[in-house]
Amino acid sequence: MKDHRHPEDDPPDTTGHQRPPAEVRFAGELRRLREDDSGPRPPGWALSLTAARRFIAGDEALGVTRKFVGDTALIDRALVTLATSRGLMLVGEPGTAKSLLSELIAAAVGGTSTLTIQGGAATTEDQIKYSWNYALLVAEGPSTRSLVPAPLLTGMAEGRVVRFEEITRCPLEVQDSLLSPLSDRVLAIPELTGEESMVFARDGFNVIATANTRDRGVNEMSAALKRRFNFETVFPIADFGTELDLVEQEARRLLERSGVQAPPRRDVLEVLVTAFRELRNAATEDGRAMDRLSAVMSTAEAVSVAHQIGVRGWFLRGEPGGAADIVECLAGTAAKDSPDDLARLRRYLEQQASRRGGEQWRALHAARHLLPG
């Protein structure tokens, strides 16, 4: 992929920040889009739908980079959903960039992507709606001074997009705390009195939730909550070249942040992405069936492995990293869910890598003994 970053796109000083939010990383692009935006905007939105789409899908003429590799029609449907004040639910396999897409949409629509709730078994309603400063609560009683807003209350009061990551990992009763805010657009605070006891959503408020299909049954959403969302599925990248370009671009960026001065080798990444796609699809490029790993062999995992390869090669040997590093780094990816996955990976290296031509495939086959066990 070409890098179309504009010379004015230097973000604010984020020295030491591992991953600044989208509105900081792409501040220059958002500014230019706002200045160039002449389209109609839904109430409370920072950009029009067309400008928001250009922010996510890219606009070479304006120097806006493509940030999400996927169907543009999916982006359009997601933005239209939010403009109709329905919640947006992004579902799909792990590692298909659902969280990235929700972050980009939130930054484009509301100007901030940091009103985020991370779902999990320990998530409580306090972490979603609001809690209290108990020292002030004891001293003064319930008041707006002792109230500690959580992302949902802040998003409603300020007209912002709230992101709810991995919503199906939360207990059902915690998920259902969204019912009234999504239906009536109001959040009750029964501890307060008068006008302060009700927070009414301002224009621009909405919720983007994500759930991966492998966890769909962990805590199934109630039918009532499902009706408050439009569901959109984010699929893995279908085209090999597109996935390879994305892995190379992201790995290069991560390696630069890690202080690695050697860029990733294209031939090594070709082997890596091919292996990930075949292990993900349980079939070789020429149609031969093979074992499917239970581990998630997603594009995001491929980027992570490419990053590890570069770090390993540079800091241990002063080079970009090669096929032997692929084997060493794949072991940690393949062994996450089932010990049988290591045996499946070993069979792949023995049976499939040996059939391929090229230096890196031969090196990959020769390094199979580096797998543990």
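Student: How many aromatic pairs does the structure hold?
Tutor: Keep in mind that this is a predicted model. One pair is Phe26 with Phe55, and another is Tyr130 with Trp132. So the count of aromatic pairs you're after is 2.

Student: Is the pair of Phe26 and Phe55 stacked or edge-to-face?
Tutor: Look at the angle: the two planes are 75 degrees apart, with 6.0 Å centre to centre. Planes over 60 degrees apart count as edge-to-face, so that settles it. The pair of Phe26 and Phe55 is edge-to-face.

Student: How many residues apart are Phe26 and Phe55?
Tutor: Phe26 is in the loop between α1 (22-25) and α2 (27-36), while Phe55 is in helix α3 (residues 49-57). This pair links distant parts of the chain, and the separation is 29 residues.

Student: Is Phe26 buried or exposed?
Tutor: Its relative accessible area is 13%. The cut-off for buried is under 20%, so Phe26 makes it. Phe55, at 0%, counts as buried too. For Phe26, the word is buried.

Student: Which residue has its charged end over the ring of Phe26?
Tutor: Look 4.8 Å from the centre of the Phe26 ring for that charged end. The ring of Phe55 has the charged end of Lys67 over it as well, 4.4 Å from its centre. Over Phe26, the residue is Lys67.

Student: Which element gives the largest share of the largest nonpolar core?
Tutor: That core has 35 residues, and Leu272 is one of those with the most contacts inside it. Elements giving two or more residues include α12 (240-257) and α13 (266-281). The largest share is 8 residues, and it comes from α13.

How values were computed. Residues are numbered from 1 along each chain as its sequence is written. This is a predicted model: local features need pLDDT of at least 70, side-chain atom pairs count only at pLDDT 80 or more; totals for chains, interfaces and linings use all residues. Side-chain values use heavy atoms; hydrogens and water are left out. Rings of Phe, Tyr and Trp (its six-membered ring) pair if their centres lie within 6.5 Å; planes under 30 degrees apart count as stacked, over 60 as edge-to-face and the rest as tilted. Helices (H or I, at least four residues) and strands (E, at least two) are DSSP runs, numbered from the N terminus. Buried means under 20% relative accessible area, exposed over 50%, partly exposed in between (1.4 Å probe, protein chains only). A charge sits over a ring if NZ of Lys or CZ of Arg is within 6 Å of the ring centre and within 35 degrees of the ring normal. A nonpolar core is a set of buried Ala, Val, Leu, Ile, Met, Phe, Trp, Tyr and Cys residues joined through side-chain atoms within 4.5 Å.
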